[in-house]
Structure formats: structure tokens, C-alpha cells
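Q: I am new to this structure and would like a close look at one side chain and its partner. Please start there, and then place that part within the rest of the chain.

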Amino acid sequence: TLDATFAQKDLSVAGKLPLLTAVPNLDNPLTVDISKGQINIDKLYKGGIAGKVNVTGAAMEPLIGGEVYLENGRVSIPKAETTPTEDSVQIAKNKTTNISSKAKALTKAQPTTSKASTSNSSFVTTLNNFKVNLKDFDFEQAPLYQFKLDGNLTLNGTVDQPDNIIPQGTVMLTRADVDLFSSRFNLARNRENTIVFTPEAGVFNPALDIVLRTEVEDLNEQELNNFRTVESNSNEID
């Protein structure tokens with residue numbers, strides 16, 4: 001039994017978890033009890049949380065199950081990396097060529113290193129019907145946009161890459177404010193606006209059924225040209 005503090009939040013941990021190999025039908029598996037309160041995970045999430053998380057399998061290959069509730073929280077949006085220019089690509093190629101030539105020379109003079117030193121970590125975390133419940137969940141990047149979400153998701157799959165996460169569930173968009181140039185878009189509230197996640201589409205390609213409304217002002221010729229030539233924002237996902 002452990003009492004701990006993580007990201008400014010008190011947690012209670014109890015149970016058993018094998019270190020290397022999973023034990024079938026293990027009694028009293030490891031459980032993380034998250035009492036209702038606030039948590040602050042730097043550069044990821046800040047807000048309300050509660051739930052109970054089950055950890056089975058083994059420490060080197062844990063299976064994460066259970067359920068968490070995220071309420072009145074805010075998630076941070078990481079910025080996408082800038083697309084490399086032709087010049088930077090050419091410089092990278094030149095550096096790669098030079099490094100490759102030096103590596104060949106060193107290989108002739110030194111013994112080869114073990115493959116284990118370059119292999120990926122053997123630590124694999126897998127979600128096992130892990131349920132995430134959202135209530136008044138803020139997803140924003142000021143001053144560009146602000147969304148508020150309610151809904152439930154069930155997640156499976158390994159978490160080493162986002163593409164490997166298998167989602168299932170529906171999230172309701174209850175608020176949307178988007179500032180685009182001189183126009184402001186707001187959510188149409190006379191209908192259900194939904195974001196549906198399916199295992200086949202993955203986490204990056206949900207089905208959107210959303211209507212936004214706006215009032216369009218007259219644009220002069222210069223503003224219209226700027227509108228046509230604007231590039232996509234750096235935080236967009238292709």
C-alpha cells in the first residue's frame with residue numbers, strides 16, 4: 001500500500017504487480033485510486049480528475065484499465081514541427097553523407113557494437129478498455145479557438161505511438177469559438193454536434209458532424225488577396 005503525490009495530486013496505490021512476467025489470475029491486482037480533486041500535469045492537462053485505474057500484466061508490460069473522469073479541465077496543444085525547407089533538407093543530406101563516410105571509416109578500425117544498444121525499449125504500455133469520461137472539457141489555443149467537450153471514450157492498444165491507440169466512443173461539442181481573420185465562428189446550438197471515434201479510423205480521423213455559424217463582413221480587395229494566400233496554421237494536423 002502506498003500514498004503518493006503526482007502532479008500536485010494525492011493518490012492511493014494498493015495491490016500486486018509482477019516485475020517481469022504476468023501472473024494469471026493474480027489476486028489483488030494493483031489499483032490506483034484517484035480521489036476527486038485537481039491535477040496539474042505540466043504541458044499536458046490541468047483540471048479536475050477522479051477515477052480508479054487498474055494495472056495488470058507486469059511492470060515491464062503493464063495493461064492499463066479502469067476509468068477516469070476529467071472535468072472542468074484544459075488540455076495543452078503542442079505545436080507541430082515546422083516543415084523543412086529545400087535548403088535545410090539539402091544541408092541535412094550533406095551532413096548525412098559526411099557522417100556516413102566517417103562511420104564507414106570507424107567501422108573498419110573498431111569492432112561493431114551490440115545491436116542491443118540501438119534497439120527500442122522493451123517497456124510496452126497497453127490500454128485495456130481504459131475509459132475516459134469528459135465533462136466541460138476545454139480544448140483551446142487562445143486566441144485562435146476554444147472548444148468545450150462532453151462525452152465518453154474507450155481506449156485500447158499500445159501507447160508508444162498515437163496511431164496505435166484504438167478509440168471507441170462519441171464526444172459532444174457543446175461550445176466552439178473560432179477566430180478566423182475578421183470573422184468569428186460559433187457553434188450552431190439548434191442541433192447535436194458530435195465527434196465520433198471508431199477503431200477503424202483511429203484517434204486522428206474521427207467523424208465530425210458539426211455546424212458552425214458566422215456573420216461575414218465585406219472584404220476589400222487587399223483583404224481578399226490576403227485571405228486567398230494565407231498558409232495553414234502550424235498547429236494543424238494534415
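A: Start with Arg74, which is partly exposed because its relative accessible area is 43%, between the limits of 20% and 50%. The model is predicted, so every value here is computed from it. The side chain of Arg74 meets that of Glu140 in a salt bridge, with N and O 3.7 Å apart. This pair links distant parts of the chain, since Arg74 is in strand S5 (residues 61-75) and Glu140 is in strand S6, 66 residues apart. The partner, Glu140, has a relative accessible area of 16% and is therefore buried, as this is under 20%. The bridge thus joins a partly exposed Arg74 to a buried Glu140.

The Arg74 pair belongs to a wider set. A search of the whole structure finds eight salt bridges. Another one is formed by Arg175 and Asp177, whose closest N and O atoms are 2.7 Å apart. Arg175 has 30% relative accessibility and counts as partly exposed, while Asp177, at 12%, counts as buried. The side chains of Arg184 and Asp179 also meet in a salt bridge, at 2.9 Å from N to O. Salt bridges that share partners join Arg175, Asp177, Asp179 and Arg184 into one network. Within this network, Arg184 is partly exposed with a relative accessible area of 42%, and Asp179 is partly exposed at 30%.

Return now to strand S6, which holds Glu140 and spans residues 126-141. The loop between helix H1 (86-109) and strand S6 contains Phe123. Thr125 lies in the loop between H1 and S6 as well. Thr125 is buried because its relative accessibility is 19%, which is under 20%. Apart from neighbours within four places in sequence, Thr125 is in contact with Pro62, Ile64, Gly157, Thr158 and Val159. Phe123, in turn, is partly exposed, with a relative accessible area of 44%. Together with Leu19, Leu20 and Met60, Phe123 makes a nonpolar surface patch of about 450 Å².

Two other loops each hold a residue with an unusual backbone angle. Most residues other than glycine have a negative phi. Gln8 has a positive phi, near 65°, and is placed in the loop between strand S1 (2-6) and strand S2 (9-14). Gln8 counts as exposed because its relative accessibility is 64%, which is over 50%. Lys43 likewise has a positive phi, near 60°. The loop that holds Lys43 runs between strand S3 (30-41) and strand S4 (45-58). Lys43 is exposed, with a relative accessible area of 71%.

Finally, the chain as a whole. Its secondary structure comes to two helices and 12 strands. From the N terminus on, the elements run β-β-β-β-β-α-β-β-β-β-β-β-β-α. Of the 238 residues, 25% count as buried, and Glu140 is one that is buried. The accessible surface comes to about 17100 Å², of which 53% belongs to carbon and sulfur atoms. Among contacts between residues at least 6 apart in sequence, 52% join residues at least 24 apart. The bridge between Glu140 and Arg74 likewise spans distant parts of the chain, its two residues being 66 residues apart.

Notes:
Residues numbered from 1 in each chain as written. Predicted model: local features only at pLDDT ≥ 70, side-chain atom pairs only at ≥ 80, totals over all residues. Heavy atoms only, no water. Helix = DSSP H or I, 4+ residues; strand = E, 2+ residues; numbered from the N terminus. Buried < 20%, exposed > 50% of the residue type's maximum accessible area, 1.4 Å probe, protein only. Patch = residues over 30% accessible without salt bridge, like charges linked within 9 Å, V, L, I, M, F, W, Y side chains within 5 Å. Areas by Shrake-Rupley, 256 points an atom, 1.4 Å probe, with all protein chains shown as cover. Salt bridge = Lys/Arg side-chain N within 4 Å of Asp/Glu carboxyl O. Contact = heavy atoms within 4.5 Å.
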